[in-house]
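Biologist: Before I trust the labels people put on a model, I like to ask where each one comes from. Shall we go through this one together?

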Amino acid sequence: MSTATNVAPPRESKLVALVKRRHFTKGAVNVVLALVAIFWLVPTISLLIISLRPESLFGQSGWWTVFTAPAHLTFGNYSTIFSQGFATGGVLNSLITSLEITIPATVLVALISSLAAYSLVFGFWRGRDIIFLVIVGLMVVPLQVALIPVVQFYRELGNLFGLNPYGTIPGVIIFHVAFGLPFGIFLMRNFLTGIPKDLLEAGRIEGAGEWKIFYRIVLPLALPAIASLAIFQFIWVWNDLLVALVFLGGNVHTPLTIFLYDQTRSLAANYWIVSTGAVVSIVVPLIVFFSFQRYFVRGVLAGAVK
Amino acid sequence: MSRVVLRELTKQYAGNTALSLDSVSLDVAHGEFICLVGPSGCGKTTALRMIAGLETVTSGEIEIGDRVVNDLAPRDRDIALVFQSYALYPHMTVFDNMSFGLKLRKVPKHEIETAVTEAARILDLEQYLDRKPGQLSGGQRQRVALGRAIVRNPAAFLMDEPLSNLDAKLRVQTRAEIARLHHRLGATMIYVTHDQVEAMTMADRIAVINLGKLEQVGSPRELYDRPANQFVAGFIGSPSMNFVPMHVVSVDGGIRVVSPEGEMDVTLNDAESDMIRRAGVTEVVLGVRPEHIDNRPRSGLGLQLTASVDVIEFLGNDEHVHLSSGSHDLVAIVDARTPLRIGDSLTLSASSEAIHLFHPETGVALK
């Protein structure tokens with residue numbers, strides 16, 4: 001019996017094919033790509049440099065002068081904004097609040113979307129396609145139109161059950177989950193339709209119930225989709241200002257976006273706090289992105305059928 | 001005892017007026033290897049999926065090991081199904097694929113280990129236990145799918161065209177492997193295929209299904225020698241049986257069967273004459289297998305025909321010769337050493353035992 005492994009080589013990208021045909025050297029392509037990458041990184045790098053320069057230099061010279069006088073760089077700004085620790089109103093307190101909102105809002109969307117998509121794809125109930133179409137339709141609803149009705153709805157909840165989510169962190173989370181679900185379900189459903197039904201039937205025969213099939217077979221295979229959904233949702237919620245502003249109005253705990261917004265609205269904006277706080281707020285999405293990208297693997301379904 | 005009994009099993013899919021499976025009854029003995037064969041879409045896979053519990057039963061009964069299982073979930077039926085697509089879990093190693101069912105049933109760890117190791121040994125998969133399905137060849141994947149079924153030691157094995165994705169050489173090899181496996185395990189196996197060669201070579205008994213109906217059940221030899229009707233006669237055997245509509249004529253108090261143009265002529269024995277008289281037909285369909293037509297001189301009983309050669313297919317040991325006799329096309333298998341050329345005119349014959357007669361309207365074999 002042969003021991004051949006039958007692993008197909010990755011297909012050449014069009015760019016690679018183009019390079020081969022036109023006899024571009026690999027080096028030239030790399031230089032162009034590097035230039036594009038640097039161009040895209042300029043705003044982020046400048047922000048980082050501004051945050052590392054003393055506050056006093058901000059009005060005097062541009063950030064690019066750092067390349068001629070690198071001695072001016074200092075972590076002073078960081079030690080100043082971190083010096084408050086976790087006290088209310090400080091940057092670290094806002095960071096924690098942002099995480100408190102974003103993590104549950106992301107986990108819930110990923111979980112509920114996967115479950116809903118599982119039911120839409122592999123369930124046996126009638127009308128699944130219609131429900132899916134309605135969900136897709138909901139994707140076009142801009143969230144601005146829902147702000148006031150939801151605030152009223154929250155208040156009504158408070159009148160009826162004594163639980164008014166308005167002004168609380170769960171209130172913001174519920175709103176983000178509700179608006180993240182249509183896209184989440186759309187993405188997951190389209191991915192799950194690619195999983196062969198035979199796999200589920202095999203599991204069913206071997207003794208797995210619906211729940212086991214979901215988390216032992218479907219969920220591991222759907223990881224690439226879940227990872228991309230989680231990144232989308234995380235960054236969307238992390239960067240949200242509007243919803244937090246409306247729903248956390250009087251709350252003393254504010255997410256980073258509101259923290260930064262508060263720094264700019266006074267007449268003399270604290271640009272050193274804004275730049276330093278912005279760098280802090282970039283770090284978390286970067287960590288999320290780099291820790292999830294290992295799930296973006298091609299060919300998760302290789303070898304399942306045929 | 002793991003007997004599998006189907007009683008008037010019927011399936012009608014929602015929105016379909018036709019029945020996908022029409023009152024099929026079948027009794028599969030313990031340890032028997034039975035093949036369900038038929039053309040694509042005949043209902044054989046539906047039948048298998050109903051036994052597995054993946055399709056609901058419209059009417060009728062399924063019994064596995066003396067228990068009616070109609071309302072049992074697939075996992076409670078004590079069966080294993082090998083899918084046409086193999087349906088391996090791509091994110092699990094070969095070991096995990098094979099042990100998945102046992103783990104779900106909370107079998108102790110050392111027992112799982114023993115069962116999987118044993119199955120891997122039988123199937124020659126020992127060195128692949130840590131690999132994922134994507135790293136295996138088609139044949140190896142197929143054996144993992146078999147292994148997954150074996151480790152559970154089920155009352156019955158159900159197989160849905162497990163060889164159809166393998167290349168020709170591997171298919172022959174794996175065919176023998178499955179036959180050996182059946183012998184070794186002594187388990188009841190129900191095997192679905194559209195390939196009559198697979199059915200003929202492996203099965204104890206074959207059930208031929210067409211358009212949802214069971215046409216005939218019997219040993220491969222029975223089906224080959226005494227097909228119940230024209231469909232079974234044409235489906236079993238390759239190349240398939242030649243059929244020619246013939247006239248029944250009375251000659252000298254006896255009867256003969258001749259083709260409309262007179263190139264074919266059958267001298268009937270007494271039993272065959274009686275059959276035609278009992279059926280009271282004036283037309284009959286003659287069936288004769290290609291391998292039973294030859295150019296040996298024969299006199300007396302049997303078929304005589306004259307034909308011209310259209311196409312010769314050389315296969316090494318023998319040749320398939322496509323002939324036209326009057327307005328009919330026939331195939332005959334002849335020894336490859338016979339000197340033949342296209343356009344040759346031949347006189348051929350077949351012995352009386354090789355003659356099959358079918359009712360012209362119903363297609364049922366005359367008895």
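**Where the labels come from**

Modeller: Sure, and keep in mind that this is a predicted model. To start with the two chains, 38 residues of chain B are in contact with 30 residues of chain A.

Biologist: What makes a residue count as in contact there?

Modeller: Heavy atoms within 4.5 Å. The area buried between chain B and chain A comes to about 2,900 Å², with 58% of that from carbon and sulfur atoms. Pro90(B), His91(B) and Leu104(B) give 18% of what chain B buries against chain A, more than any other three residues.

Biologist: And how many salt bridges are there between chain B and chain A?

Modeller: The count is 2. One of them pairs Glu206(A) with Arg148(B).

Biologist: How do you know that Glu206(A) and Arg148(B) form a salt bridge?

Modeller: Their closest N and O atoms are 3.4 Å apart, and the rule asks for a side-chain nitrogen of Lys or Arg within 4 Å of a carboxyl oxygen of Asp or Glu. So the pair passes. Over all chains, that rule gives 19 salt bridges. Another is Arg7(B) with Glu61(B), at 2.8 Å from N to O.

Biologist: What does the pair of Arg7(B) and Glu61(B) tie together?

Modeller: Arg7(B) sits in strand S1 (residues 4-11) of chain B and Glu61(B) in strand S4 (residues 59-64) of chain B, so the bridge links parts 54 residues apart in sequence.

Biologist: On to helices. Why are H2(A) and H13(A) called oblique?

Modeller: Helix H2 (residues 26-52) of chain A and helix H13 (residues 271-292) of chain A pack at about 125°, with axes 8 Å apart. Roughly perpendicular stops at 115 degrees and roughly antiparallel needs over 145, so what lies between is oblique. Hence the label for H2(A) and H13(A). Their crossing is left-handed.

Biologist: Which residues of H2(A) and H13(A) meet?

Modeller: On H2(A), Thr44(A), Leu47(A), Leu48(A), Ile50(A) and Ser51(A); on H13(A), Ser275(A), Thr276(A), Ala278(A), Val279(A) and Ile282(A). By class, that contact has 6 nonpolar, 4 polar and no charged residues.

Biologist: What makes H10(A) roughly antiparallel to H13(A)?

Modeller: The axes of helix H10 (residues 223-239) of chain A and H13(A) cross at roughly 175° and come within 10 Å. The cut-off is over 145 degrees, so the term roughly antiparallel applies. The contact involves residues including Phe234(A) and Trp238(A) of H10(A), and Val288(A) and Phe292(A) of H13(A). The contact of H10(A) with H13(A) divides into 11 nonpolar, 1 polar and no charged.

Biologist: And in chain B, why is H2(B) described as roughly parallel to H4(B)?

Modeller: Helix H2 (residues 94-104) of chain B packs at about 30° to helix H4 (residues 138-150) of chain B, their axes being 8 Å apart. Under 35 degrees counts as roughly parallel, so the label fits. The crossing of H2(B) and H4(B) is right-handed. Val94(B), Asn97(B) and Met98(B) of H2(B) meet Val144(B), Gly147(B) and Arg148(B) of H4(B). Arg148(B) is also the partner of Glu206(A) in the salt bridge.

Biologist: Last one: how do you know that the bond between Ser238(B) and Pro239(B) is cis?

Modeller: Omega there is about -10°. Pro239(B) lies in the loop between helix H8 (230-235) and strand S11 (242-251) of chain B.

Key:
Residues are numbered from 1 along each chain as its sequence is written. Chains are lettered from A and ligands numbered from 1 in the order in which they are written. This is a predicted model: local features need pLDDT of at least 70, side-chain atom pairs count only at pLDDT 80 or more; totals for chains, interfaces and linings use all residues. Side-chain values use heavy atoms; hydrogens and water are left out. Axes are lines fitted to C-alpha atoms, for helices over the stretch in contact, and angles run from 0 to 180 degrees between N-to-C directions. Helices (H or I, at least four residues) and strands (E, at least two) are DSSP runs, numbered from the N terminus. Angles under 35 degrees count as roughly parallel, over 145 as roughly antiparallel, 65 to 115 as roughly perpendicular and the rest as oblique. A crossing is left-handed if the near helix is turned anticlockwise from the far one by less than a right angle, and right-handed if clockwise. Ala, Val, Leu, Ile, Met, Phe, Trp, Tyr, Cys and Pro count as nonpolar, Asp, Glu, Lys and Arg as charged, and the others, Gly among them, as polar. Buried area is the accessible area (1.4 Å probe) that two parts lose on being put together, summed over both.
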